[in-house]
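Open your viewer, and let us take a walk through this protein together. At each stop you will hear what to select and what to look for.

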Amino acid sequence: MIATQSTTKGASQAPYSAKQALALRQAGMQRGSITKYQPFSQIELPDRQWPSRAVTAAPIWCSVDLRDGNQALAIPMSVGEKIEFFKLLVDLGFKEIEVGFPAASQIEFDFMRRLVEEDLIPNDVTVQVLVQAREALIERTFEALHGIPRAIVHLYNSTSPLQRRVVFGMSRPEIIDIAVRGMALIKALAPSLPDTHIRVEYSPESFSATELDFSLEICEAVMEVWEPTAADPIILNLPATVEVATPNVHADQIEWFCRHLRHRDRAIISLHTHNDRGAGVAATELGLLAGAQRVEGTLFGNGERTGNVDIVTLALNLYTQGVDPELDFSDINAVRAIYERCTRMDVHPRHPYAGDLVFTAFSGSHQDAINKGMAAQDPMPSALWQVPYLPIDPKDIGRSYEAIIRINAQSGKGGVAYVLESEYGIQMPKTMQVEFGKVINDIADQYGAELTPAQIHQAFQQTYLEQQTPFRLEAFRTLMHHDQSSQDADASPSAVTCVARVLVDGAPHEISAVGNGPINAFVNAMKEELVADFNILSYAEHSLGEGSRAEAIAYIQIRTPSGETFFGAATDTNIERASIKAVVGALNRAIHAHQGVRVTEG
Ligand code: KIV
Ligand code: ZN
């Protein structure tokens, strides 16, 4: 809504002065039977068609960032910032851009002139200028347009009963007269710019709260003056200047209007929703189902009060339904950076598609599902995107996968495993993921904040790799025994003797035993000489890099006589030694069970 709307002497007299009214008003919400507000009336349209339609093509987009968005900024953009923003809008693919209200301020006039004089408007882009239905303003607007090949002159006046009564004190015919005289003047001035193709837009401002028959009457009166054709139609912009009802009511209003308008083919119906009830996107989407062809809005929903409709969200909503939005948000971070710099506004961390946190899952079950979905996703760029919890492939809009999973106390094993695997190549066995997931949850609870991948890795090292007391493996070798009767030189040994030196709280112990493999022989040696009973439940290993010098990591799960299970893990360039160290690590963990692990500030 325009802040410079003029009041007239005919406005109705209020019973109290503004100061008296303020004093009478009580703070706080009314309770029980609410008389202060009333529901918006439903629209009589029993055979409404919009609920069973789908949007199958992009609308005509018109950015109003440089006008509606800019006028709502505490510090409006400078001419330089406007030019930068204009270029961004052109690069994104906007073909219609409202560049301001040149008659309202010198800066907007100068900006318009720079666009023309520096030839900054591409051949396929039309700029739009807003003007109130007032003679002097319309004339000044035409001065701003000199030398431009194409322009949309956007005329508006307010039409709702509330505005008619309290702001203008005018009857319906008087309000129609303002619009008709404004359009007649535009028609009269158009020949003064013989090299400019002038198109017109008319907005019955506050359409959302205007009686439908009156909106129709005023729009048809304006059309009669301009005499649009199907080849060169007028734009009728039906603004939800203030969002006053649910989106279905908005859709009914638009469908009602489209169905009743005479010469429907001579008008492009445009939507311009604001977001007072937080449903601007929904209202616009339903308005498109109801027959509108064009959408005015802003990037990230900047604009008066709660903002205009957010075109980024609308466009990407279309994209995720398989419809080409004809706007390119492949590098949404760059778009956001220019937007934030020029408007000095922030994009909320939960803002659809663009917010910092929208590709981040904190909850364990979400992390797990995303992890599995990513692994199952066909990597071909044209393959159908099917990853749980992610309605869009973050890569399509220049966001990365790395930030998808972050770890806090609600996170589960899947997220932790994802971080360790994607950042450090550690592929824990499934049951170990459960064990380490609990360790991380406890740490995150104590730490009271989100854990970084480095902190998770540090916790992994402390929990598994740095378990070196009371036992520490100092030396280890094996002797293979082959069955003398076997003819096969490559046959596996029939038995293995392990000889090891183990430090127990720093004191060396030589141990030795026979087993059916190195791990089994070492377990036997430990059981015979150093620890009570335990056995190996599972074993896994993989390399941590490429090449013969690469380290391997081994994971061993043991069960103690009390039935408790513990994992151990160890790395070494020799896989056999990694396995034995993992057994030692698991035993140390069993001994130290229930002692906490701490992480340092990351
Ligand atoms: O919100 C509104 O009604 C406007 C009009 C000038 C179109 O911005
Ligand atoms: Zn607006």
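Donors are N, O and S atoms within 2.8 Å of the metal, and since water is not among the atoms, a site may look incomplete. Keep that in mind for the metal stop, and remember throughout that this is a predicted model.

**Stop 1: the whole chain**

Show the chain as a cartoon and you can trace 18 helices and 14 strands. Now zoom out. The C-alpha atoms fill a box of roughly 110 × 60 × 50 Å along the principal axes. The radius of gyration is 36 Å, whereas a compact globule of 602 residues would have one near 25 Å. Turn on the surface next: the chain exposes about 28,600 Å², and carbon and sulfur atoms supply 51% of that area. Of the 602 residues, 51% count as buried. Among contacts in the chain with a separation of 6 or more, 68% are between residues 24 or more positions apart.

**Stop 2: the zinc ion**

Select ligand 2, the zinc ion. Which protein residues are its donors? They are Asp68 (OD), His272 (NE2) and His274 (NE2), lying 2.0 to 2.2 Å from the ion. In sequence, these donor residues follow the spacing D-x203-H-x1-H. Asp68 sits in helix H2 (residues 65–71) and His272 in strand S7 (residues 267–273), so this pair ties together parts that are 204 residues apart in sequence. Both Asp68 and His272 are buried.

**Stop 3: helix H10**

Color residues 280–289, which form helix H10. Its buried residues are Gly280, Ala283, Thr284, Gly287, Leu288 and Leu289. Look for a pattern in how they are placed: an α-helix has 3.6 residues a turn, so residues three or four places apart point the same way. What do the buried residues of H10 pack against? Their partners are helix H9 (247–260), strand S7, strand S8 (294–297) and helix H11 (311–319). You already met S7 at the zinc stop, as the home of His272. Just after H10, pick out Gly291, which takes a positive phi of about 120 degrees.

**Stop 4: a lysine inside**

Move to helix H3 (residues 79–92) and select Lys82. Is Lys82 buried or exposed? Its relative accessibility is 0%, so Lys82 counts as buried, the cut-off being under 20%. Show its side chain, and you will find a polar contact with the side chain of Glu108 at 3.5 Å. Leaving aside residues up to four places away in sequence, Lys82 touches Leu66, Asn70, Met77, Val99, Glu108 and Phe111.

**Stop 5: the cysteines**

How many disulfides does a search of the whole structure find? The search finds zero. Select Cys62: the nearest cysteine sulfur, in Cys219, is 17 Å away. Cys62 is buried, with a relative accessible area of 0%. Then select Cys219, whose sulfur is 11 Å from the closest cysteine sulfur, in Cys258; that is too far for a bond, because a disulfide needs two cysteine sulfur atoms within 2.5 Å. Cys219 is also buried, at 0% relative accessibility.

**Stop 6: Tyr555**

Finish in strand S13 (residues 552–559), where you can select Tyr555. Tyr555 counts as buried, at 1% relative accessibility. A polar atom of its side chain lies 3.2 Å from the backbone nitrogen of Gln427. For a last distance, pick the C-alpha atoms of Tyr555 and Ala383: these residues are 172 apart along the chain, and the two atoms are separated by 36 Å.

Methods. Residues are numbered from 1 along each chain as its sequence is written. Chains are lettered from A and ligands numbered from 1 in the order in which they are written. This is a predicted model: local features need pLDDT of at least 70, side-chain atom pairs count only at pLDDT 80 or more; totals for chains, interfaces and linings use all residues. Side-chain values use heavy atoms; hydrogens and water are left out. Buried means under 20% relative accessible area, exposed over 50%, partly exposed in between (1.4 Å probe, protein chains only). Helices (H or I, at least four residues) and strands (E, at least two) are DSSP runs, numbered from the N terminus. A polar contact is a pair of N or O atoms within 3.5 Å; within protein, one must be able to donate a hydrogen and the other to accept it, and residues adjacent in sequence count only if both atoms are side-chain atoms. Donors are N, O and S atoms within 2.8 Å of the metal (3.2 Å for Na, K and Ca); water is not among the atoms, so sites may look incomplete. The radius of gyration is taken over C-alpha atoms; the globule rule is 2.2 Å times the number of residues to the power 0.38. Contact means heavy atoms within 4.5 Å. Accessible areas come from the Shrake-Rupley method with a 1.4 Å probe; for residues, only the protein chains shown count as cover.
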